[in-house]
Amino acid sequence: MQAVWMFFLQMETSSDGRQKITKLYNPKLKINEERTLKIRSVLGKFEIDNIGKNNGVCKNCYSCVERVIRMEKELERLKCDINATRRAVLAKS
Ligand SMILES: [Zn+2]
């Protein structure tokens, strides 16, 4: 997987008033056709800003999108299984 590493600073002030700067690296995945389609299938509307050079999708959020798709497939499979079982029961009676 191709990842674009975005980087930003987080500033925290501790209880004694001292400031602490933490560098955070937020892994982002490049937006491509396949990822765009998957995100749209879950979120519906998903516009891409082609101007932004650091265009990307957060790795964590994208894996949530993939999880939703996996779970939806699993749900469909379960529904088919139940229907198949029901048809078998009906056929016997
Ligand atoms: Zn995210």
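These legends go with several close-up views of a predicted model.

**View 1. The whole chain, with its 2 helices and 3 strands.** Walking from the N terminus, you meet the elements in the order β-β-α-β-α. Not much is tucked away here: 4% of the 93 residues count as buried. Looking at contacts with a separation of 6 or more, 55% come from residues 24 or more positions apart.

**View 2. Helix α2, residues 59-92.** This helix has 34 residues and stretches 50 Å from its first C-alpha to its last. That's close to the 50 Å you'd expect at 1.5 Å a residue. As for cover, α2 has hardly any: the count of buried residues along the helix is 0.

**View 3. Where helix α1 meets α2.** Two packed helices are described by the angle between their axes and the distance between the axes. Here α1, which spans residues 33-43, packs on α2 at an angle of about 65°. The two axes sit 9 Å apart, and α1 passes α2 in a left-handed crossing.

**View 4. The residues that make the α1 and α2 contact.** On the α1 side, look for R35, K38, I39, S41 and V42. Their partners on α2 are Y62, V65, E66, V68 and I69. Sorted by type, the residues of this contact come out as 6 nonpolar, 1 polar and 3 charged. As a reminder when you scan along a helix, there are 3.6 residues a turn in an α-helix, so residues three or four places apart point the same way.

Terms used: Residues numbered from 1 in each chain as written. Predicted model: local features only at pLDDT ≥ 70, side-chain atom pairs only at ≥ 80, totals over all residues. Helix = DSSP H or I, 4+ residues; strand = E, 2+ residues; numbered from the N terminus. Buried ≥ 20, exposed ≤ 12 C-beta atoms within 10 Å, placed from the backbone. Contact = placed C-beta atoms within 7 Å. Expected span 1.5 Å × (residues − 1). Axes fitted to C-alpha atoms, helices over the stretch in contact; angles between N-to-C directions. Left-handed = near helix turned anticlockwise from the far one by under 90°. Nonpolar A, V, L, I, M, F, W, Y, C, P; charged D, E, K, R; others polar.
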